[in-house]
Amino acid sequence: MAAQRNLSVKSLGQSQSIPPSLPLVLPNNLEYDLGTHTVRRKPGVERSSLTVVAEAMSLLASIDDPVAVVAVTGPCRTGKSYMLSRMLGSSDAFQLGHSWEPETFGIWMSTKVLTRDGLTVVLLDTEGIDAVDAKTRNDASLLVLTILTCSLLVFNTTSVPKQGQLEKLQCFAELAEAVRIWKSGELDHEEFSRHFPDLLWLLRDSTLIPTDEDGNPIDARSYLTKRILKESGRFRQTPSDMVSRAITSFFPSLDCRTLPPPSSDTTVMQNIETSHDKLDPEFNQAMEDLVKDILSSVKPKQGFGQGKTVTGRQLAGLVQHFVAALNDPRALPTLQTAWDAALKALVKDAVRELQERYVREMRQGIQQAGGMPLEEDPNNSVPSMMSLHQAVFEGLLDTLKGRLHSFCEAAEMTQAVVDLTARVNGTQDDSGRGILSSLLSENRSSSESFCNQLVQNLYQPISEKLASPPDNYDIKALEADLAQLKATYDEEARGPCKHKVYLQFAEFLEGQKTTFSTIKGYQEEDYKLQEETRRREAEVANLQEERLQVERQVALSMKEQQDQVEMLIAEFGREVQNLREEEKERRDAMLRNLQVQMEEKAQQNVAMLEDLSRRQEGMVQQQMEAMQQQQRQQMEGMMEMAKAIQERNDKLARDMQEQAQKAKSPGFLDNILGSVVDIVKQGASLFLMSKFPLVGAAAAVGAGAAQAVTSRTAKAPSTK
């Protein structure tokens, strides 16, 4: 499967005993046994901090290429380890559990990685954020460490969470108080998204179709952002609101995917690592699509700065620094501080390793050239000490540039070049001299020993002839032997001390005059020998001049090398300047985009306010119209009631008037009429007040009408 994704699986380390995965970080109450590949608890130790595991850190530090780190986190027992194993084309790269107890503690790293075009993908499995024996602080520490380590964070949950369930994810909200970007300690939450990883929320065992509030189907990401992570809008932020805001604000990109259940068969689920063919085909296909999308889009881990990438070696240093900060209750993990510390350690390690590589490659070059002694002249046609030095040192500078330029600023790069140059040429090694000086001194000693032995071997036959000269051995034969010695010596002598050794031999010959006097013809040829001595002295002078020329050439070569270093530093400076200009342009573009977004947001807010204002005005208008309609209806009812009361009172008055005319006793009738009128008045008023509270005027009208009837009745003439 990896080949189909244009990725190849590579094992870290060469040992066959390395397990599929190793703990990178463990709680302090646990320890890892590399021999048995097991984790055991430390008796009597309470979990309170984190520790790094040396074996895994060593494997991570062996990666010199940029790394992309995929980490999976989430609640326990949700299939995190199985998904990571599928990324490697297997099902058991990470240990799986089949009980309620969590199987993974701390952070585990696969010992196999995926490589593609100079990028190495590292997979991390993390402890569930709700492990039984873990506390809230443990969850927050592991989440912080995971986030600061990875370039893609997969948050794995089962089924579809409800908005209220976000309260269980307070570790996300605590990020704001658990991490700093700048070592100045300023509040810099708005910059988290520049340094945090991308976030993929994976909903496992999901069978429902996501819908909006109106029931219309939507994609999983929209469901996550618009429904699950939607803030409540209350005046006081709820815990769920804080989690939602942290998730949507801190991560540069947010996506959501769903996976159907692997199987409904309990037996299959308990042996999922060996039941690939028995899993639901829809699940297998969805898992394949998910893995393909993740590995095709995962980005390199970014360092502290624009365009800076992180290698496995540097990531190991960052992890160590972050763990130390998380374990210190008085400290907070600070990206700038961690980056500076890791960069300083990386530069130091790079210079040290390249220093060791220089010695190793120089020794190899010397051995391939026949071993010491070698010539020093860099212009010599045969391999020499300086020609080897130039080739090796140029390779070191190229390696240093390739290793550091992606995340080093000009100052760090310049200092690294200066340190490396000083260690090779200068006086910063343990012996008080540069490595090159030590090698040159060793070569000269070797040259002197070799040439002395050579000249002694060549002179030995001549010395034996002088001790017991043959009969026919005269001064001419001696001169011929010495000339042959010189020719052989010039051909076989090696190294910078060959001229010095022969000069010493010439001085030795000058002291052998007494011995030469026993040779025939010495007296006649004495002047010739003296002439030869003068000639050789001239040769020695010439040789000394040649030596001075060689020394000047070495110095010139060193000067050219220094010029090359300065040119390299200048080149780095130009690259840094270009990067700074690009960064400035990028920031200016970001500011312009931010301003445009703010203006668009402001326009949207204004439009929302205007729309809200129009809605409120419409609602007020509707309410006023409804109240006016109600008042009109009440007034009409009141008028109809008043009219009915008036008509009833008039009729009553007429009836009473007619009865009064027929009565024999007007006074008695007047009393009865007054009582009836009072009853009518009270009844009308009470009825109207209970039925229409706002129409008290109707009662007054009724009372006035009754009073008028009473007055007319009182004034009516007697019919006696």
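Reader: How many aromatic pairs does the count come to?

Author: The model is predicted. Rings of Phe, Tyr and Trp pair if their centres lie within 6.5 Å. By this rule, the number of aromatic pairs is ten.

Reader: Is the pair of Tyr459 and Phe508 stacked or edge-to-face?

Author: The ring centres of Tyr459 and Phe508 are 5.4 Å apart, with 90° between the planes. Planes over 60 degrees apart count as edge-to-face. The pair of Tyr459 and Phe508 is therefore edge-to-face.

Reader: How many residues apart are Tyr459 and Phe508?

Author: Tyr459 lies in helix α15 (residues 435-467). Phe508 lies in helix α17 (residues 498-510). The pair links distant parts of the chain, and the two are apart by 49 residues.

Reader: Is Phe508 buried or partly exposed?

Author: Buried means under 20% relative accessible area. Its partner Tyr459 has 10%, so Tyr459 is buried. Phe508 has 35% relative accessibility, so Phe508 counts as partly exposed.

Reader: Which residues do ring pairs link into a cluster with Tyr459?

Author: Phe508 forms an aromatic pair with Tyr459. Ring pairs link Tyr459 into a cluster with Tyr489, Tyr502, Phe505 and Phe508.

Reader: Which charged end sits over the ring of Tyr502?

Author: Tyr502 is part of the ring cluster. A charged end sits over the ring of Tyr502, 5.2 Å from its centre. That end belongs to Lys486.

Reader: Over which ring does the charged end of Arg494 sit?

Author: The charged end of Arg494 is 5.4 Å from the centre of a ring. That ring is the one of Phe450.

Reader: How many disulfides does a search of the whole structure find?

Author: A disulfide needs a pair of cysteine sulfur atoms within 2.5 Å. Cys451 is in no disulfide: the nearest cysteine sulfur, that of Cys497, is 7.2 Å away. For the whole structure, the number found is zero.

Reader: Is Cys451 buried or exposed?

Author: The cut-off for buried is under 20% relative accessible area. Cys451 has 0%, so Cys451 is buried.

Reader: How far apart are the end C-alpha atoms of helix α10?

Author: Helix α10 (residues 281-297) has 17 residues. At 1.5 Å a residue, α10 should span 24 Å. The end C-alpha atoms agree with this, at 24 Å.

Reader: What arc do the buried residues of α10 cover around the axis?

Author: The buried residues of α10 include Phe283, Met287, Leu290 and Ile294. The buried residues are on the same side of α10, because they cover an arc of only 165°.

Reader: Which residues are exposed on the other side of α10?

Author: The buried side includes Val291 and Leu295. On the other side, the exposed residues are Pro281, Glu282 and Lys292.

Definitions and conventions: Residues are numbered from 1 along each chain as its sequence is written. This is a predicted model: local features need pLDDT of at least 70, side-chain atom pairs count only at pLDDT 80 or more; totals for chains, interfaces and linings use all residues. Side-chain values use heavy atoms; hydrogens and water are left out. Buried means under 20% relative accessible area, exposed over 50%, partly exposed in between (1.4 Å probe, protein chains only). Helices (H or I, at least four residues) and strands (E, at least two) are DSSP runs, numbered from the N terminus. The expected span of a helix is 1.5 Å times one less than its number of residues. The arc is that of the directions from the helix axis to the C-beta atoms. Rings of Phe, Tyr and Trp (its six-membered ring) pair if their centres lie within 6.5 Å; planes under 30 degrees apart count as stacked, over 60 as edge-to-face and the rest as tilted. A charge sits over a ring if NZ of Lys or CZ of Arg is within 6 Å of the ring centre and within 35 degrees of the ring normal.
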